[in-house]
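Visitor: Hello! I am new to this structure and would like to learn how to read it.
Guide: Welcome, let us look at it together.

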Amino acid sequence: MSRFAMPLSAIVLSCLVVGPAPAAGPAPVLDTIGGRQVESLTIRHPASKEVIVFEGGSRNTIERWGAVPQQLAHDATVFAYNRPGYGNSEEAGTPRDGRTIVEELRAVLRHKGLRPPYVLVGHSLGGLYMQLFARAYPDEVKGVVLIDALYPRMVKRTEDFPFLSRLAGRIAFSRTVWREIEHIDETGEMVLALGGIDDKPIVRLVNQPTSSTAIAVDFGAFRMDEDTRRQVRALYPKAKTIVADSSHQMALTSPEVVTAAVREVMAAPGSHAVVARATR
């Protein structure tokens, strides 16, 4: 399997796996923004100009970032939040496509007084949203870290999922989560319709278990053809790719890999086409 062809667990099943308990830290707060409650965590660094913005994967809430935000708070202001319908954030009636989610995130950042430049950190489906953010608003973005992320055209339209996969998704997941999944393919096309971000430092973290017991699962939701794999590999030619023997929830199982990647992007004047393997 290509290192960029992740199992379906990347958008649905992996969030059922319990990782290490997150370290204690500042508590999230609730704000009323745009008429609904939004749960977020902000740790301000008065001496830093950058804001590290975390966007989680499908079903992932703030605590799935573990101790990473607290560790990076020594370097910059950090911000993590729960999208509508996640944690204590109220569900929204707005569409759950990537452009709407990006605009809602920017509204929350403005409400919190968090101005660019942003270092965008996206996990799984959140990585697809962060690609859209960076392409839509490149002047606001210093760099991007993509953690076992989804990329455009990797996931099929939900109407092309096998019937049993669609049925299981509607039964197992909340209305909000399924609505996001329904828009993954559309969001990917939004990303591709915008200009590239090769002038930004980008680090791609890829989980590639080496254990012989690791089993990939896709349930017919992924496009596995060679053309799609080639297109995904070619998306960010100047990005640095780091392959780690971890889990899909890399912030919990390999926090040191995640924090190092964010710090590298913060310090980098540019990007390099390098593939490395992380050591644990």
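Guide: We begin with a term: a salt bridge is a side-chain nitrogen of Lys or Arg within 4 Å of a carboxyl oxygen of Asp or Glu. Another is buried, meaning under 20% relative accessible area, with exposed over 50% and partly exposed in between (1.4 Å probe, protein chains only). On charge, Lys and Arg count as positive and Asp and Glu as negative, while His and the chain ends are not counted.

Visitor: What kind of model is this, and how are residues numbered?
Guide: This is a predicted model, in which local features need pLDDT of at least 70 and side-chain atom pairs count only at pLDDT 80 or more, whereas totals for chains, interfaces and linings use all residues. Residues are numbered from 1 along each chain as its sequence is written, and side-chain values use heavy atoms, with hydrogens and water left out.

Visitor: Which side chain of opposite charge is nearest to E50, and how far away is it?
Guide: That is K142, 4.4 Å away; E50 is buried yet has no salt bridge. Setting aside residues up to four places away in sequence, E50 touches A76, T77, P117, K142 and M266; contact means heavy atoms within 4.5 Å.

Visitor: Where does E50 lie?
Guide: In the loop between β2 (36-43) and β3 (51-55). Helices (H or I, at least four residues) and strands (E, at least two) are DSSP runs, numbered from the N terminus. The protein has nine of each.

Visitor: Is β3 mostly covered or mostly open?
Guide: Mostly covered: five of its five residues are buried. V51, V53 and E55 point one way from β3, and I52 and F54 the other way.

Visitor: How many bridges join β3 to β5?
Guide: Two strands pair if DSSP finds at least two bridges between them. Here five bridges join β3 to β5, and these strands run parallel; E55 stands opposite G122 in β5. β3 also pairs with β4 in the parallel sense, over four bridges, with T77 in β4 as the bridge partner of V51.

Visitor: Which residues touch the most other members of the largest nonpolar core?
Guide: In soluble globular proteins, nonpolar side chains tend to be buried together. A nonpolar core is a set of buried Ala, Val, Leu, Ile, Met, Phe, Trp, Tyr and Cys residues joined through side-chain atoms within 4.5 Å. The largest one here has 46 residues, and V53, F79, F133 and Y236 touch the most other members. Its largest share, seven residues, comes from α3.
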